[in-house]
Every structure is written in structure tokens, then in C-alpha cells.
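This report is for a reader meeting the structure for the first time. Please look over the sequence and the model before reading on.

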Amino acid sequence: MKKFLIIASLAAALMFACASPASAQLRWGVIGGATFSKMNKNLPEMVKGDNMTQYHAGATLQVKLPLGFSVQPSLIYNVKGSKLGTGDVARTDLSVGYLELPVSLQWGPDLLLFRPFLDVTPFAGYGVNNKIVTSAATVKNSWDSYNINRWEYGLGVGIGLEIWKFQVIGRYNWNFGSLADFASDVNSDGVPAAVTDMFKNANFGGFTLTAAILF
């Protein structure tokens, strides 16, 4: 599944970016917005994951096709995270910044003044930085010590609205990867081993609200 999604995303981006002007209309743009995410896992009540609000921003290429279809690959920096635990002592905040490639597959009728559309978006990303905050310490960019997996991949589904050069998309995203392949017993940086165990078979899922300006 992981290899299929990554290959499909890259193939779609390459194929439609190279489409001839006679059959497609191309527009570049900038995008950005809010990322609302939390760790998806059956966690004990004392470490139940809560939503964390972060952001994403980058560049996009819209390829408009006949019959209301369009393809829109983007390259963005997307920060995802989760608040874990309850109270000041048990609270742990984890955030990871990913360099991400989402490929938005869109369909919707052009109603002259505006265009509503449905959106399906496979994505793949690579973590470039992270931060873990506990009551004992704040640790940045530690990957190997806690076996945090830098690769992510998944699928988003949503709806959007396009008016002239402006576009807004609301999308829910499922992440199929894992934050770690196994739990680490290493806590040399002050983070309890119980915290690293939370990463096992867990990932970030949630909602994104994205605005774009197309030129």
C-alpha cells in the first residue's frame, strides 16, 4: 500500500504536469492553512490524545482537464502533532514537521462564477524536524533515540470551492504509516520510556483547512 500510494502520487504529478496546453490549463499558486491533528491510537485514558493546531504552507500546480476534472500536486511544509496526557506533570506534546507531496484529484462543475468540487488526495511525506515537550525536558530533532519514523503516507478526502483565482479546501486526512516501528527503551534525553511507547503503531490523523491563490 505504501509503495503504491507514493508511486501513484508521483506518476500523477508527472503525467499531468507534462500535459499539452491543448488538453489542459495550467496555473501555479501558493497555498497555506491550518492543520488540526492528533495521534490516532487506542491510548489509555491517562494519555488520551488531544488535538494540536499547527500549519502548512507551500506551492501548488493546478492542471485543469475536460469534464470538470483537475489534478493539483503540491509541495508543502506540514506540521502535525498531538497533545498527550493530562495535567502538567503527565502532559507530553509531540510535533513533527514534514516535507509533504499531496496530489489532489478534483472533480466539480464549472458554474462560471464559482466551481465547487470533490477532492481525493493521496500524500507522502518525510519528517525534517520534530519537538517533544514533557514536564522533564524539551527535546528537538531526536529521531533515532525514540525510533520516530520519518516517512508518512496516507489519503485525504474533502470538498472545495474555487472562485476566480482563490480556492479553499476542507479535507480529512488518514495517515496509514506508523510514528515508530517499535518502542524504544532509551530515555537518555529525559523523556520517559513510557512516552516513546506511545509512538508504536500510532500516527497523525486529522483535518486540514487550506487556502490557495492561483496565477
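What follows describes a predicted model, from its overall layout to its strand pairing, nonpolar core and charged pairs.

## Overall layout

The protein has 215 residues, and 46% of them count as buried. Its secondary structure consists of 3 helices and 9 strands. Read from the N terminus, these elements follow the order α-β-β-β-α-β-β-β-β-β-α-β.

Contacts between distant positions make up a good part of the picture. Among contacts with a separation of 6 or more, 67% involve residues 24 or more positions apart. The exposed surface comes to about 10900 Å², and carbon and sulfur atoms supply 67% of that area.

## Pairing of strand β1

Strand β1, residues 25–40, pairs with strand β2, residues 52–64. The two are antiparallel and share 13 bridges. Within this pairing, Ile31 is opposite Gly58 of β2.

Strand β1 also pairs with strand β9, which covers residues 203–214. This pairing is antiparallel too, with 12 bridges. Here Val30 is opposite Ile213 of β9. Strand β1 is thus bridged to β2 and to β9.

## The nonpolar core

In soluble globular proteins, nonpolar side chains tend to be buried together. The largest nonpolar core of this model has 16 residues. Met39, Leu94, Leu179 and Phe199 are the members that touch the most other members. Strand β4, residues 92–107, provides the largest share of this core, with 3 residues.

Leu179 can be followed in more detail. Leaving aside residues up to four places away in sequence, Leu179 touches partners that include Met39, Leu94 and Phe199. Its other partners include Tyr98, Ile148, Ala202 and Phe204, along with the asparagines Asn147, Asn149 and Asn203.

## Salt bridges

Side chains of opposite charge can pair when their charged atoms come close. The structure holds 7 salt bridges. Three of them are listed here, with the N to O distance for each.

| Salt bridge | Distance (N to O) |
|---|---|
| Glu100 and Lys80 | 3.2 Å |
| Lys80 and Glu152 | 2.9 Å |
| Arg171 and Asp119 | 2.8 Å |

The pair of Arg171 and Asp119 connects strand β8, residues 166–175, with strand β5, residues 115–133. These two residues are 52 residues apart in the chain. Arg171 and Asp119 are both buried. Elsewhere, Arg27, Lys64, Arg115 and Glu162 are joined into one network by salt bridges that share partners.

## Lys80 and its two partners

Lys80 appears in two of the tabulated pairs, one with Glu100 and one with Glu152. Is Lys80 buried or exposed? A residue counts as buried under 20% relative accessible area. The relative accessibility of Lys80 is 6%, so Lys80 is buried.

Lys80 belongs to strand β3. In the salt bridge between Glu100 and Lys80, Glu100 lies in strand β4 and Lys80 in strand β3, residues 69–84, so this pair ties together parts that are 20 residues apart in sequence. The salt bridge of Lys80 with Glu152 links strand β3 to strand β7, residues 151–163, across 72 residues. Glu152 is buried, as is Lys80.

The surroundings of Lys80 include residues of several kinds. Apart from residues up to four places away in sequence, Lys80 touches Thr35, Ser37, Ser95 and Asn175, among others. Leu94, Val96, Tyr98, Phe123 and Phe204 are also among the residues it touches. Leu94 therefore appears in the contact list of Lys80 as well as among the core residues that touch the most other members.

## Glu100

Glu100 is located in strand β4. With a relative accessible area of 5%, Glu100 is buried. Besides its salt bridge with Lys80, the side chain of Glu100 makes a polar contact of 3.1 Å with the side chain of Asn78.

The contacts of Glu100, not counting residues up to four places away in sequence, include Ser74, Leu75, Ile76 and Asn78. Phe123, Ala124, Gly125 and Glu152 are also among them. Phe123 and Glu152 are touched by Glu100 and also by Lys80.

Terms used: Residues numbered from 1 in each chain as written. Predicted model: local features only at pLDDT ≥ 70, side-chain atom pairs only at ≥ 80, totals over all residues. Heavy atoms only, no water. Core = buried A, V, L, I, M, F, W, Y, C linked by side-chain atoms within 4.5 Å. Buried < 20%, exposed > 50% of the residue type's maximum accessible area, 1.4 Å probe, protein only. Helix = DSSP H or I, 4+ residues; strand = E, 2+ residues; numbered from the N terminus. Contact = heavy atoms within 4.5 Å. Salt bridge = Lys/Arg side-chain N within 4 Å of Asp/Glu carboxyl O. Areas by Shrake-Rupley, 256 points an atom, 1.4 Å probe, with all protein chains shown as cover. Pairing = 2+ DSSP bridges. Polar contact = N/O pair within 3.5 Å; in protein donor to acceptor, adjacent residues only side chain to side chain.
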